[in-house]
Amino acid sequence: MSVKAVIDLPKDLYQTLSSHGLSKEMISKETKKLLALKCYKDKILSLGKSTELSGLSMREFIEFLGENNVAVIDYSEEQLEKEFKNVERFRKVRKS
């Protein structure tokens with residue numbers, strides 16, 4: 001089951017968009033992509049759910065994130081330090 005969300009555009013604004021080749025379907029598609037980008041960036045939705053919302057494949061959505069300067073992997077400084085420590089421990093264990 002799905003829910004339909006509607007955006008109202010002033011007629012003159014729609015006509016301007018339409019004159020530049022944007023159909024109602026294209027406006028809807030672009031709106032979903034931008035909403036998915038915002039929801040991922042604001043940590044409202046996971047990567048998978050944001051990808052689903054966008055209507056793109058995972059690869060396409062990750063590329064879209066990159067084009068819009070949104071990091072796919074966004075570690076805090078603490079998380080990153082913890083990961084580096086884990087890698088160092090793994091190296092030591094592997095050498096012995």
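In this account a helix is a run of at least four residues that DSSP assigns as H or I, and helices are numbered from the N terminus. With that in mind, Ile27 can be placed in helix H2, and the reader should keep in view throughout that the model is a predicted one.

Ile27 is a useful starting point. Its relative accessibility is 11%, and because buried means under 20% relative accessible area, Ile27 counts as buried. If its neighbours within four places in sequence are set aside, the residues in contact with Ile27 are Ile7, Leu9, Tyr14, Leu17 and Leu22. Tyr14, one of these contacts of Ile27, also has a charged residue over its ring, for Lys24 lies over the face of Tyr14 at 5.9 Å from the ring centre. A very different relation holds between Ile27 and Lys95, which are 68 residues apart in sequence and, from C-alpha to C-alpha, 56 Å apart in space.

From here the path leads along H2 to its partners. H2 packs with helix H3, which covers residues 47-54, at an angle of about 165°, and the axes of the two helices are 8 Å apart. Since an angle over 145 degrees counts as roughly antiparallel, H2 and H3 are roughly antiparallel to each other. The contact is made, on the side of H2, by Lys32, Lys33, Leu35, Ala36, Cys39 and Tyr40, and on the side of H3 by Leu47, Ser50, Leu53 and Ser54. The crossing in which H2 passes H3 is right-handed.

Between H2 and H3 there is a loop, and Lys43 is found in it. Lys43 is exposed, with a relative accessible area of 59%, and its phi is near 60°, which is a positive value in a residue other than glycine. To see why such a value deserves a remark, it helps to recall that most residues other than glycine have a negative phi.

The next packing to follow is that of H3 with H4, whose axes are 9 Å apart and which pack at an angle of about 95°. That angle makes H3 roughly perpendicular to H4. Here H3 contributes Leu47, Gly48, Ser50, Thr51 and Ser54 to the contact, while H4 contributes Met58, Phe61, Ile62 and Leu65. Thr51, which has its place in helix H3, counts as buried at 6% relative accessibility. Apart from its neighbours within four places in sequence, Thr51 is in contact with Leu56, Ser57, Met58 and Phe61.

H2 also packs with H4: their axes come within 11 Å and cross at roughly 75°, which makes H2 roughly perpendicular to H4. In this meeting of helices, Lys33, Leu34, Ala36, Leu37 and Tyr40 in H2 face Phe61, Phe64 and Leu65 in H4 as their contacts.

Several of these residues carry aromatic rings, and a search of the whole structure finds two aromatic pairs. In one of them, Tyr40 and Phe61 are arranged edge-to-face, with 6.5 Å from centre to centre and 85° between the planes. Tyr40 lies in helix H2 (residues 24-41) and Phe61 in helix H4 (residues 58-67), so this pair ties together parts that are 21 residues apart in sequence. Both partners are shielded, although their values are not identical: Tyr40 counts as buried at 14% relative accessibility, and Phe61 is buried with a relative accessible area of 0%.

The other pair joins Phe61 to Phe64, whose ring centres are 6.4 Å apart and whose planes stand at 35°, so that the pair is tilted. Phe61 and Phe64 both lie in helix H4, where they are three residues apart, or about one turn of the helix, and both are buried. Taken together, Tyr40, Phe61 and Phe64 form one aromatic cluster.

The path ends beyond H4, in the loop that lies between H4 and helix H5 (77-95), where Asn69 is located. Asn69 has a positive phi of about 55° although it is not a glycine, and with a relative accessible area of 74% it is exposed.

How values were computed. Residues are numbered from 1 along each chain as its sequence is written. This is a predicted model: local features need pLDDT of at least 70, side-chain atom pairs count only at pLDDT 80 or more; totals for chains, interfaces and linings use all residues. Side-chain values use heavy atoms; hydrogens and water are left out. Rings of Phe, Tyr and Trp (its six-membered ring) pair if their centres lie within 6.5 Å; planes under 30 degrees apart count as stacked, over 60 as edge-to-face and the rest as tilted. Buried means under 20% relative accessible area, exposed over 50%, partly exposed in between (1.4 Å probe, protein chains only). A charge sits over a ring if NZ of Lys or CZ of Arg is within 6 Å of the ring centre and within 35 degrees of the ring normal. Axes are lines fitted to C-alpha atoms, for helices over the stretch in contact, and angles run from 0 to 180 degrees between N-to-C directions. Angles under 35 degrees count as roughly parallel, over 145 as roughly antiparallel, 65 to 115 as roughly perpendicular and the rest as oblique. A crossing is left-handed if the near helix is turned anticlockwise from the far one by less than a right angle, and right-handed if clockwise. Contact means heavy atoms within 4.5 Å.
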